[in-house]
Amino acid sequence: IYFRMDMLLLSLLKPTNDVGIYGISYKFFDFLIALPLFLSNALYPFLLVNKNNTKKFFLITKYYFFVFLISSVVIVLPFWFLSPLFSLIKVDFIPAIVPFRILLLSLPFFFLTSFLQWILISLAKQKFLAVVYLFSTLFNITLNVIFIPQWSYLASAVITGISESIVFVLLAFKVYSVKIFLEKEQQNE
């Protein structure tokens, strides 16, 4: 629901041309947001093995946080400059360049939230994730209903970035607060 609500709302509120333009840009973006999922999934067993050693666990998470951040920027830059090549696939894809670039700006958040999710799952904080994503979904739907009528797929692209940035802030805050709690608990032992 979180990832597809904007397309559904676009299809209800705007002409099919707008849905197609956003759909094309999101297809390319979808490919890119799958990358951090694969990386995070590969790291999950490593996180589980080290979760009982708080100091080592959070050193690992800090290192991979920067790996994910740098990786996302390394991916954003070439795709930003290569996006005009959409026209080589089909001239009708030219309008998809702007929403794709807007979505690209949110890619670092998708990379980082993917990683933060697995950190929280390894620390048994799945309920928190459910609440965050429910809130974000409702927030996303509300903004899309308000802004799609006037700004169409551009609004959806911006709202996707805003929603994921909010998810990032909430997940990062939770990881940080769990880290502080675990460190204090370890000092008291």
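**Close-up 1. Cover over the buried residues of helix H3 in the predicted model.** The elements that cover the buried residues of H3 include H2, H5, H6 and H7. The buried residues themselves are Thr54, Phe57, Phe58, Ile60, Thr61, Phe68, Ser72, Ile75 and Val76.

**Close-up 2. End-to-end span of helix H3.** H3 has 29 residues, and at 1.5 Å a residue these should span 42 Å. The C-alpha atoms at the ends of H3 lie 42 Å apart, in agreement with that expected value.

**Close-up 3. The largest nonpolar core.** This core holds 48 residues. Tyr22, Phe29, Leu107, Ile119, Leu123 and Leu171 have the most contacts inside it. At least two core residues come from each of helix H1 (5-13), helix H2 (16-50), helix H3 (54-82), helix H5 (97-105), helix H6 (107-122) and helix H7 (126-188). The biggest contribution to the core, 12 residues, is that of H7.

**Close-up 4. Surroundings of Leu123.** Leu123 is one of the residues with the most contacts inside the largest nonpolar core. With residues up to four places away in sequence left out, Leu123 touches Phe57, Phe58, Val178 and Leu182. Of these partners, Phe57 and Phe58 are among the buried residues of H3.

**Close-up 5. The largest pocket.** The volume of this pocket is about 350 Å³. Its lining consists of 17 residues, and those closest to the pocket centre are Phe58, Thr61, Lys62, Val175 and Lys179. H3, H6 and H7 are the elements that give two or more residues to the lining. H3 provides the largest share, with eight residues. By class, the lining of the largest pocket comprises 11 nonpolar, two polar and four charged residues. Phe58 and Thr61, listed here by the pocket centre, also appear among the buried residues of H3.

**Close-up 6. The largest cavity.** One cavity of 30 Å³ or more is counted in the model. The largest cavity encloses about 50 Å³ of space. Its lining is made up of Tyr2, Phe3, Asp6, Tyr26, Phe110, Asn140, Thr160 and Ser163. Among these lining residues, four are nonpolar, three are polar and one is charged. H7 contributes the most to the lining of the largest cavity, with three residues. H7 is also the helix that gives the most residues to the largest nonpolar core, whereas the largest share of the lining of the largest pocket comes from H3.

Notes
Residues are numbered from 1 along each chain as its sequence is written. This is a predicted model: local features need pLDDT of at least 70, side-chain atom pairs count only at pLDDT 80 or more; totals for chains, interfaces and linings use all residues. Side-chain values use heavy atoms; hydrogens and water are left out. A nonpolar core is a set of buried Ala, Val, Leu, Ile, Met, Phe, Trp, Tyr and Cys residues joined through side-chain atoms within 4.5 Å. Buried means under 20% relative accessible area, exposed over 50%, partly exposed in between (1.4 Å probe, protein chains only). Helices (H or I, at least four residues) and strands (E, at least two) are DSSP runs, numbered from the N terminus. Contact means heavy atoms within 4.5 Å. The expected span of a helix is 1.5 Å times one less than its number of residues. On a 1 Å grid over the protein atoms alone, a cavity is a set of points where a 1.4 Å probe fits but cannot get out, and a pocket is an open set with protein on both sides within 12 Å along at least five of seven lines; lining residues have an atom within 4 Å of a point. Grid points are joined across faces, edges and corners, and a volume is the space filled by probe spheres set on the points. Ala, Val, Leu, Ile, Met, Phe, Trp, Tyr, Cys and Pro count as nonpolar, Asp, Glu, Lys and Arg as charged, and the others, Gly among them, as polar.
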